[in-house]
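Welcome! Take a moment to look over the chain, then use the points below to find your way around.

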Amino acid sequence: MIYILTIEMISIASECEETLFNLGAQSLVFEAESSLMKAYFSYPPNLEVLKKKIQVEILSIETIREEDWLKHNRDSFQPILIGQHFRVLPTWKDGETEDQRWNIRLNPGLAFGTGGHETTRLCAHFLEKITQEFKIDSVLDVGCGTGLLALISSLLGVPKVVAMDHDPNCENCIRELLEDNQHLNPKPDFRYFIGSLDDPRIGEGYDCIVANILLETINELLPDLVRHLNPGGHLIVSGIPSSRTDEAAIDLTLHGLQLQSILTEGSWVALHARLH
Ligand SMILES: C[S@@+](CC[C@H](N)C(=O)[O-])C[C@H]1O[C@@H](n2cnc3c(N)ncnc32)[C@H](O)[C@@H]1O
């Protein structure tokens with residue numbers, strides 16, 4: 001069952017988005033030219049917590065069958081340009097395009113990460129930039145969702161890529177994404193698992209870690225993220241509303257990282273930092 005919560009936003013939109021994602025919303029849809037937003041959950045959202053965190057008017061909460069939600073998602077999925085090199089296309093659409101972009105085929109399921117959200121695109125931009133400027137032999141995608149950022153890393157030539165998420169829904173999505181994109185020849189050393197950052201399957205240190213999660217979660221995970229970085233390694237974080245950029249930059253600095261640059265799209269930012 002999927003729960004659709006419709007709210008009228010009184011707090012600013014990025015605060016509402018962040019709180020709803022924190023509560024477990026799988027996707028959010030803004031109604032054009034209004035302050036209405038729909039949030040989709042796979043379990044009943046905690047409205048008490050929601051009302052404590054942000055100012056909203058709760059207009060309705062409805063349920064639909066998971067199959068209907070997936071169908072709706074698929075019907076409304078349009079090609080999305082990511083970074084300078086990629087386009088995400090629904091698996092069932094013709095991939096013939098005239099430009100030089102790589103067409104990544106994706107079947108939207110229950111995991112986050114079609115490229116439709118600013119934060120995914122910001123991380124992809126940083127992955128393109130960093131792999132162009134530095135020799136990156138390994139990438140860890142923490143909170144990989146569909147695995148799109150991990151696949152992009154592999155297509156950018158990173159020889160070893162590991163994707164992980166704690167949500168079991170992601171496993172099928174990553175497997176499918178890999179199967180549907182074999183024709184793009186991702187590097188063979190591409191692994192994924194469902195678990196935590198303590199999992200031994202993570203293995204050795206990484207030249208680059210990308211974590212598009214939420215600021216609160218990133219803060220909790222920062223000691224582990226730093227532990228898994230090689231000296232001089234690169235950390236890309238997003239899931240951060242632009243209003244909280246300073247807070248995120250300070251958190252990175254407090255964990256021994258040196259801020260390199262910040263990218264913004266809409267009301268979201270991504271930060272790139274390096275370990276001393
Ligand atoms: C905003 S989505 C990002 C998905 C994808 N990386 C992208 O950029 O499109 C955040 C993902 O982080 C996962 N996540 C949240 N907390 C986590 C944790 N502590 N450990 C691992 N994954 C986590 C969620 O399940 C979700 O799939």
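Here, a residue is near a molecule if its C-beta atom, placed from the backbone, lies within 6 Å of it. Keep in mind that this is a predicted model. With that in hand, let's start at the ligand, which 22 residues surround.

**Around the ligand**

- The closest residues to the ligand are G113, T120, G143, G145 and N212.
- Three helices, α4 (118–133), α5 (148–155) and α7 (215–227), each supply at least two residues of the shell around the ligand.
- Which helix gives the most to this shell? That is α4, with 3 residues.
- Sorted by type, the shell residues come out as 10 nonpolar, 10 polar and 2 charged.

**A closer look at helix α4**

- The 16 residues of α4 should span 22 Å at 1.5 Å a residue, and this agrees with the 23 Å between its end C-alpha atoms.
- The expected figure is 22 Å because the rule multiplies 1.5 Å by one less than the number of residues.
- Many positions in α4 can be looked up as buried: E118, T119, T120, R121, L122, C123, A124, F126, L127, I130 and T131.
- T120 is worth finding on your screen, as it is one of the buried residues of α4 and also among the residues closest to the ligand.
- An α-helix has 3.6 residues a turn, so residues three or four places apart point the same way.

**Two domains and where they meet**

- The chain is divided into domain 1 (2–73) and domain 2 (79–275).
- Taken over C-alpha atoms, the centres of the two domains are 25 Å apart.
- Where the domains touch, 10 residues of domain 1 are in contact with 10 residues of domain 2.
- On the domain 1 side, α1 (13–22) and α3 (66–75) each supply at least two of the touching residues.
- Of the helices, α1 gives the most to that side, with 6 residues.
- The residues on that side of domain 1 divide into 3 nonpolar, 5 polar and 2 charged.

**One residue to find: T63**

- You will find T63 in strand β4, which covers residues 56–64.
- Is T63 buried or exposed? T63 is exposed, because it has 12 other C-beta atoms within 10 Å, and a residue with 12 or fewer counts as exposed.
- Setting aside neighbours within four places in sequence, T63 is in contact with M1, I2 and Y3.
- T63 and A111 are 48 residues apart in sequence, and their C-alpha atoms are 19 Å apart in space.

Terms used
Residues numbered from 1 in each chain as written. Predicted model: local features only at pLDDT ≥ 70, side-chain atom pairs only at ≥ 80, totals over all residues. Helix = DSSP H or I, 4+ residues; strand = E, 2+ residues; numbered from the N terminus. Nonpolar A, V, L, I, M, F, W, Y, C, P; charged D, E, K, R; others polar. Buried ≥ 20, exposed ≤ 12 C-beta atoms within 10 Å, placed from the backbone. Contact = placed C-beta atoms within 7 Å. Domains from an automatic or database assignment.
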